[in-house]
Amino acid sequence: MAESRRSFLKQSAATVAAVSLTGCAPGAGREAEAEVDESTVALPAETLRAVAEAVLPAELGSDGRERAVAAFERWSEGLEPVAELGHPYLVPEIRYSGPDPRPGWAAQLQGLEKECTSRHGVSLSLIDVPGRRELLARPLGQGGPGLGAPENADHVALALMAHFFDSPSATDLCYGRTIRKVRCRTLDGAEDEPEPLGAAQGGAP
């Protein structure tokens, strides 16, 4: 009986400790995790693509622009907020990434839609590109001299631009060659000049 009483008291103490730490009853932690997962905000796809048409190079064409936006979406979905960052060997300081930028980016896209509807009576995707750039002029003008890391961008348009211009596709487009930055290449033909971009991709950037 004494052993059963001690076991009961230990279990009760553990339960009280868990409640005091989590602020909820046992099992609520799993519900809280589910709520966090459900609260992950998806970026409005149509508005994001309307922004991309205004800020990404026209040379991409519709197919290249769609690939760039899809790559940005995949990257943003994989963001891990407040994640431990790598640090040099023997450096004891541990640094962490910032908070999740996606809720703010989603709110900015929704705000662009509201402003566009207020000014023009239609959604962002239905006005011409110069009109979209006019709406984006203020947030884009508030950025610094460089784009920086996309996850640190203050505005979703800047994040989209930073993500694209750091990509191998942007380097290829800039030089008009299939350089394939950060991609593994064999030694065969390593001394050859990269092929012209149009010849390698059938004329599409």
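Rings of Phe, Tyr and Trp (its six-membered ring) pair if their centres lie within 6.5 Å; planes under 30 degrees apart count as stacked, over 60 as edge-to-face and the rest as tilted. The model is predicted: local features need pLDDT of at least 70, side-chain atom pairs count only at pLDDT 80 or more, and totals for chains, interfaces and linings use all residues. Residues are numbered from 1 along each chain as its sequence is written, and side-chain values use heavy atoms, with hydrogens and water left out.

**Exercise 1. Describe the fold and the surface of the chain.**

Step 1. Take the secondary structure from DSSP runs: helices are H or I with at least four residues, strands are E with at least two, and numbering starts at the N terminus. The chain has nine helices and zero strands. Its pattern along the sequence is α-α-α-α-α-α-α-α-α.

Step 2. Turn to burial. Buried means under 20% relative accessible area, exposed over 50%, and partly exposed in between (1.4 Å probe, protein chains only). By this rule, 28% of the 205 residues count as buried.

Step 3. Add the surface. Areas come from the Shrake-Rupley method with a 1.4 Å probe; for residues, only the protein chains shown count as cover. The chain exposes about 13600 Å², and carbon and sulfur atoms supply 55% of that.

Step 4. Check the contacts (heavy atoms within 4.5 Å). Among those between residues at least 6 apart in sequence, 48% join residues at least 24 apart.

**Exercise 2. Characterise the packing of α4 against α7.**

Step 1. Two packed helices are described by the angle between their axes and the distance between the axes. Axes are lines fitted to C-alpha atoms, for helices over the stretch in contact; angles run from 0 to 180 degrees between N-to-C directions.

Step 2. Read off the geometry. Helix α7 (residues 156–165) packs with α4 at an angle of about 105°, and the axes are 10 Å apart. α4 is therefore roughly perpendicular to α7. The classes are: under 35 degrees roughly parallel, over 145 roughly antiparallel, 65 to 115 roughly perpendicular, the rest oblique.

Step 3. List the residues. α4 contributes Ala-68, Ala-71, Phe-72 and Trp-75, while α7 contributes Val-156, Ala-159, Leu-160, His-163 and Phe-164.

Step 4. Sort them. Eight are nonpolar, one is polar and none is charged. Here Ala, Val, Leu, Ile, Met, Phe, Trp, Tyr, Cys and Pro are nonpolar, Asp, Glu, Lys and Arg are charged, and the others, Gly among them, are polar.

Step 5. Look at the cover of α7. Nine of its 10 residues are buried. These buried residues pack against α3 (45–55), α4, α5, α6 (129–141) and α8 (168–175).

**Exercise 3. Which residues form one aromatic cluster, and how is the pair of Phe-72 and Trp-105 arranged?**

Step 1. Phe-72, Trp-75 and Trp-105 form one aromatic cluster. The structure holds four aromatic pairs.

Step 2. Phe-72 and Trp-105 make a tilted pair, at 5.9 Å centre to centre with 35° between the planes. The pair links distant parts of the chain: Phe-72 is in helix α4 and Trp-105 in helix α5 (residues 102–120), 33 residues apart.

Step 3. Test burial. Phe-72 is buried at 0% relative accessible area. Trp-105 counts as buried at 2%.

**Exercise 4. Is Glu-73 buried or exposed, and what does Glu-73 touch?**

Step 1. Glu-73 lies in helix α4 (residues 61–77). Its relative accessible area is 17%, so Glu-73 is buried.

Step 2. Not counting residues up to four places away in sequence, Glu-73 touches Ala-45, Leu-48 and Arg-49.
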